[in-house]
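Reader: I should be grateful for a close look at a single part of this structure, set in the context of the whole chain. Please treat it as one connected account.

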Amino acid sequence: MLIAGFPAGAWATNCYLVAPAAGEECVIIDPGHQAADGVAETVAKHRLKPVAVILTHGHIDHVASVVPVCGAQNVPAWVHPADRYMMSDPEKALGRSIGAQLMGELTVGEPDDVRELSDGARLSLAGLDLSVAHAPGHTKGSVTFGLPTTTAGDIPPVLFSGDLLFAGSAGRTDLPGGDTAELLDSLGRVCLPLDDETVVLSGHGPQTTIGQERAANPYLRRAANARAYGTGADAPPRRGM
């Protein structure tokens, strides 16, 4: 398995290219602000052939390079229907105070081929078997992508968590479409059932594991308490966009 990631743009958004091995087909996850050059360099370095762009959610820091990347590679983009509008209208997604600052800098719009994700779907792309889990809270259309452990068992299962779960933190809920109760439900429903060795590759920051977060992440603990006892939680900190 090859997973090549790099932080891109003003928000250091993690973009990932995933393939069974170097020299094979790959998927591109979250090509955000100023990610196009990094995608091209990674494709060339590992001799990859992209077949799709898949998006954890629609915020501009995760989708700003979707149009040029899809155009350059002639591939479709996959996004949850609840977040699809954000590619064309990031100001509505972010609120005027943030969105207006970006409009003069970014070219927005959809690529030619957009396909929609659904909860529980399985994507067979580039020789990969990706499971899709709808995980609202950060946005209404947030999703995660899961990869099972390899047949050989040489790598553990992987969760591409987008802006749902970070190392030591969780996604912000103060932008349009954000909802703390939904975020806690998504953390509990999507993340807590996973094995401790599951590697978490998030939208911002370093990688972690479910076991590490189960032990130390206050938001995952609150999600566990909410599921067990119906207790509430404070709003998560401001992470990502």
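Author: The account below concerns the loop between β5 and α4, and then turns to its setting. The model is predicted, and what is said here describes that model.

The protein chain as a whole contains eight helices and 14 strands. Of its 241 residues, 52% are buried. When contacts between residues at least 6 apart in sequence are considered, 64% of them join residues at least 24 apart. The loop offers specific examples of links between separate parts of the sequence, and three of its residues are taken in turn.

Proline 81 belongs to this loop, which runs between β5 (77-79) and α4 (90-94). With a relative accessibility of 38%, proline 81 counts as partly exposed, because that value falls between the limits of 20% for buried and 50% for exposed. Beyond its neighbours within four places in sequence, proline 81 is in contact with Glu116 and Leu117. Glutamate 116 lies 35 residues away along the chain, yet the C-alpha atoms of the two residues are separated by 5.7 Å. Leu117, the other partner of proline 81, is itself among the members of a core of 22 residues, to which the account returns below.

Aspartate 83 is found in the same loop, between β5 and α4. Aspartate 83 is buried, but has no salt bridge. Lysine 140 provides the nearest side chain of opposite charge, and it is 9.3 Å away. That separation exceeds the limit of 4 Å between nitrogen and oxygen, so the pair does not count as a salt bridge. What the side chain of aspartate 83 does reach is the backbone nitrogen of glycine 58, at 3.0 Å. Setting aside neighbours within four places in sequence, the contacts of aspartate 83 are with His57, Gly58, Thr139, Lys140, Gly141 and Ser142. Lys140 thus appears among the contacts of aspartate 83, although no salt bridge is formed by this aspartate.

Arginine 84 presents another case. Arginine 84 forms a salt bridge with glutamate 110, and the closest N and O atoms are 2.8 Å apart. This pair links distant parts of the chain: arginine 84 is in the loop between β5 and α4, whereas glutamate 110 is in the loop between α5 (96-102) and β6 (114-116), 26 residues apart. Arginine 84 counts as partly exposed because its relative accessibility is 25%, and glutamate 110 is likewise partly exposed, with a relative accessible area of 32%. The pairing extends further, since Arg84, Glu110 and Glu116 are linked in a network of salt bridges. Glu116 is also one of the contacts of proline 81.

The salt bridges of the chain number eight. One of them, between aspartate 174 and arginine 172, has its closest N and O atoms 2.8 Å apart. In this pair, arginine 172 counts as buried at 7% relative accessibility, whereas aspartate 174 is partly exposed at 41%. Another salt bridge joins arginine 189 to aspartate 185, with a closest N to O separation of 3.4 Å. These two residues both lie in helix α6 (residues 180-191), four residues apart, or about one turn of the helix.

The nonpolar interior completes the setting of the loop. The largest nonpolar core holds 27 residues, and Leu17, Val39, Val53 and Val66 touch the most other members. The elements that give two or more residues to this core include β5, together with β1 (2-8), β2 (13-19), β3 (25-29) and α1 (36-46), among others. Apart from it lies another core, of 22 residues, with Leu117, Leu128, Leu130 and Phe145 among them. The loop that follows β5 thus begins after a strand that contributes to the largest core, and proline 81 in that loop is in contact with Leu117, which belongs to the other core.

Val39 merits a final remark. Outside its neighbours within four places in sequence, valine 39 is in contact with Phe6, Cys15, Leu17, Ile28, Pro31 and Val69. Val39 is one of the buried residues of α1, alongside Gly38, Thr42, Val43 and His46. These residues cover an arc of only 135° around the axis, which puts them on the same side of α1. Asp37, Glu41, Ala44 and Lys45, on the other side of α1, are exposed. The buried residues of α1 pack against β1, β2, β3, β4 (49-54) and α3.

Note on methods:
Residues are numbered from 1 along each chain as its sequence is written. This is a predicted model: local features need pLDDT of at least 70, side-chain atom pairs count only at pLDDT 80 or more; totals for chains, interfaces and linings use all residues. Side-chain values use heavy atoms; hydrogens and water are left out. Buried means under 20% relative accessible area, exposed over 50%, partly exposed in between (1.4 Å probe, protein chains only). Contact means heavy atoms within 4.5 Å. A nonpolar core is a set of buried Ala, Val, Leu, Ile, Met, Phe, Trp, Tyr and Cys residues joined through side-chain atoms within 4.5 Å. The arc is that of the directions from the helix axis to the C-beta atoms. Lys and Arg count as positive and Asp and Glu as negative; His and the chain ends are not counted. A polar contact is a pair of N or O atoms within 3.5 Å; within protein, one must be able to donate a hydrogen and the other to accept it, and residues adjacent in sequence count only if both atoms are side-chain atoms.
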